[in-house]
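Visitor: I am new to this structure. Please take me closely through one part of it, the sheet, and then what packs around it.

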Amino acid sequence: MSSSSSTTPSSDPTEQPEQSRSPAFERWRMSLSNFTGLGLSEEEKERRTLEKDWDKCEKYKKDLMNNSPMITFLLSHLKHSGCEFDSSSIQCHPCPETRSGGFSPDHGILLCQNRFFSKKHMEDTLSHELIHAFDHCRFKVDWGNLRHHACSEIRAANLSGDCRWTREVKRGFYSFNKQHQACVKRRAILSVLANPSCKSPEMAEKAVNEVWESCFKDTRPFDEIY
């Protein structure tokens, strides 16, 4: 028997002509691609990553704003001070590796959607930024004044949970002797150093040292360190 020159249709649907693929198959293919990353262009992969990060950030944010004792307490005190923060005032966006959040008097709070390793990490970051917001609302902070900025940074690092021992271990700091105070001072100096009005590390350290005693003791709106 002579061999036939015709070929048997492939059993793999991905090898069939695109125009012959069914809508059901296309939905399956896109679902598989989105799940595995296979068949996606670099632009599609980047968009998918951004969407996943944003969805997770918004989910965490909503849960924290509704259920976290720390966050609901701070939001309540902001409201009572005349500076209510709703969900639209707290925005999720991608950021460079140098930060996980930020506060702007003009734009509200930034949460860096690609920088959180857990919901607890976001809770600490959001607490930190809400303390800045509280200070700005209650005490009329002049952010160009290094002493003002230093005081708010000391308070935020001190009260937010940003300097708890477990966070410090992840950063590579293992001291047991006054670790909390050392963390608060170190992180406050780094933040003040990023202020455009600060011209040197010495200026940042001087500003922090000048307000250290009074600002470290100031736990408002808490009765004590959280």
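Guide: Here is the sheet, followed by the helices and rings around it.

The model is predicted: local features need pLDDT of at least 70, side-chain atom pairs count only at pLDDT 80 or more, and totals for chains, interfaces and linings use all residues. Residues are numbered from 1 along each chain as its sequence is written, and side-chain values use heavy atoms, with hydrogens and water left out.

Start with the strands. Helices (H or I, at least four residues) and strands (E, at least two) are DSSP runs, numbered from the N terminus. The sheet is open and has 3 strands, in the order E1-E3-E2, with mixed pairing. Two strands pair if DSSP finds at least two bridges between them. At the edges are E1 (90-93) and E2 (101-104), each pairing on one side only. Neighbouring strands are turned by 20° against each other on average, direction ignored.

Now the pairings. Strands of a sheet pair through backbone hydrogen bonds, either parallel or antiparallel. E1 and E3 (residues 108-112) run parallel, joined by 4 bridges. Gln91 has Leu110 in E3 as its bridge partner. E2 and E3 pair in the antiparallel sense, also over 4 bridges. Here Ser104 has Gly108 of E3 as its bridge partner. A hairpin of 3 residues joins E2 to E3.

Next, the helices on the sheet. Contact means heavy atoms within 4.5 Å. Axes are lines fitted to C-alpha atoms, for helices over the stretch in contact, and angles run from 0 to 180 degrees between N-to-C directions. Helix H2 (residues 42-67) packs on the sheet and touches E1 and E3. The direction of H2 makes about 155° with that of E1. Helix H4 (residues 119-139) lies across E1, E2 and E3. H4 runs at about 15° to E2.

Look at one residue of the sheet, Phe103, which sits in strand E2. Leaving aside neighbours within four places in sequence, Phe103 is in contact with Phe85, Gly108, Ile109, Glu129, His132, Ala133, His136 and Trp143. Phe103 and His132 are 29 residues apart in sequence, yet 6.8 Å apart in space, C-alpha to C-alpha.

Follow H2 to its neighbour H3. Two packed helices are described by the angle between their axes and the distance between the axes. The axes of H2 and H3 come within 6 Å and cross at roughly 70°. That makes H2 roughly perpendicular to H3. Angles under 35 degrees count as roughly parallel, over 145 as roughly antiparallel, 65 to 115 as roughly perpendicular and the rest as oblique. Leu64, Met65, Asn66 and Asn67 in H2 meet Pro69, Ile71, Thr72 and Leu75 in H3. The residues of this contact divide into 5 nonpolar, 3 polar and no charged. Ala, Val, Leu, Ile, Met, Phe, Trp, Tyr, Cys and Pro count as nonpolar, Asp, Glu, Lys and Arg as charged, and the others, Gly among them, as polar.

Last, the rings. Rings of Phe, Tyr and Trp (its six-membered ring) pair if their centres lie within 6.5 Å; planes under 30 degrees apart count as stacked, over 60 as edge-to-face and the rest as tilted. The count comes to 4 aromatic pairs. In one of them, Phe73 and Phe222 have ring centres 5.0 Å apart and planes at 20°, so the pair is stacked. This pair links distant parts of the chain: Phe73 is in helix H3 (residues 69-80), Phe222 is in the segment after H8, and 149 residues separate them.
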